[in-house]
Amino acid sequence: IGSHSKVWHFSHVCKGAVIGSNCSLGQNVYVAPTARLGNGVRVQNGVSIYDEVTLEDDVFVGPAAVFTNVINPRAHIPRKHEYMKTLVKRGATIGANATIVCGKTLGEYSFVAAGAVVTKDVKPYELVGGVPAKHMGWVCSCGEPATPAVPCGACKSEYKLENGFLKKIK
């Protein structure tokens, strides 16, 4: 557990887990042995971060969000050898009660709406929502809506759409 990180009541961090500096883990958070959290990560109450889940720097995970690590779990069949990697890239946000199905990558500064179920990769700066999660728009790195070729009203960042991906240009 890195410097200046906080772990709140009734949380469990397993031996082997890596938690960067300046992180905050809310109440009732579980972090598995092979989970990796970068610096500045915020995990709200009631989240379990299972084996093979990596959260890069500055990721926000809302209350009661869910990660999975096996695509077809059965109580009577051991499948630890089938764990799939989930990667949440720098600056991404996962809303309250969202579910992230294993084996997916959430791009830099992507935004998963509350209650969404992510069943496929999410592009950088993409806003997804619904069940299953679908493209709903684009989000600036500051969290405000982003429109290609129009400066962000909050931070003045500029983006362009290139081959179906939003790219920051300024």
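1. In this predicted model, E52 has a relative accessibility of 22% and therefore counts as partly exposed, the buried class being reserved for values under 20%. Its salt-bridge partner is K85, with the closest N and O atoms 3.1 Å apart. K85, by contrast, is exposed, at a relative accessible area of 61%.

2. The E52 and K85 pair links distant parts of the chain, the two residues being 33 residues apart. E52 lies in the loop between β8 (48-49) and β9 (53-55), while K85 is placed in the loop between β11 (66-67) and β12 (86-88).

3. A salt bridge also joins E82 to R79, where the closest N and O atoms are 3.4 Å apart. As to solvent exposure, R79 has a relative accessible area of 15% and is therefore buried, since that class covers values under 20%. E82 is partly exposed, with a relative accessibility of 33%.

4. K160 and E162 form a further salt bridge through their side chains, at an N to O distance of 3.0 Å. Both partners are partly exposed: K160 has a relative accessible area of 36%, and E162 has a relative accessibility of 30%.

5. D57, D58 and R90 belong to one network, joined by salt bridges that share partners. For the structure as a whole, the count of salt bridges is 6; the pairs described above, including E52 with K85, E82 with R79 and K160 with E162, are among them.

Conventions
Residues are numbered from 1 along each chain as its sequence is written. This is a predicted model: local features need pLDDT of at least 70, side-chain atom pairs count only at pLDDT 80 or more; totals for chains, interfaces and linings use all residues. Side-chain values use heavy atoms; hydrogens and water are left out. A salt bridge is a side-chain nitrogen of Lys or Arg within 4 Å of a carboxyl oxygen of Asp or Glu. Helices (H or I, at least four residues) and strands (E, at least two) are DSSP runs, numbered from the N terminus. Buried means under 20% relative accessible area, exposed over 50%, partly exposed in between (1.4 Å probe, protein chains only).
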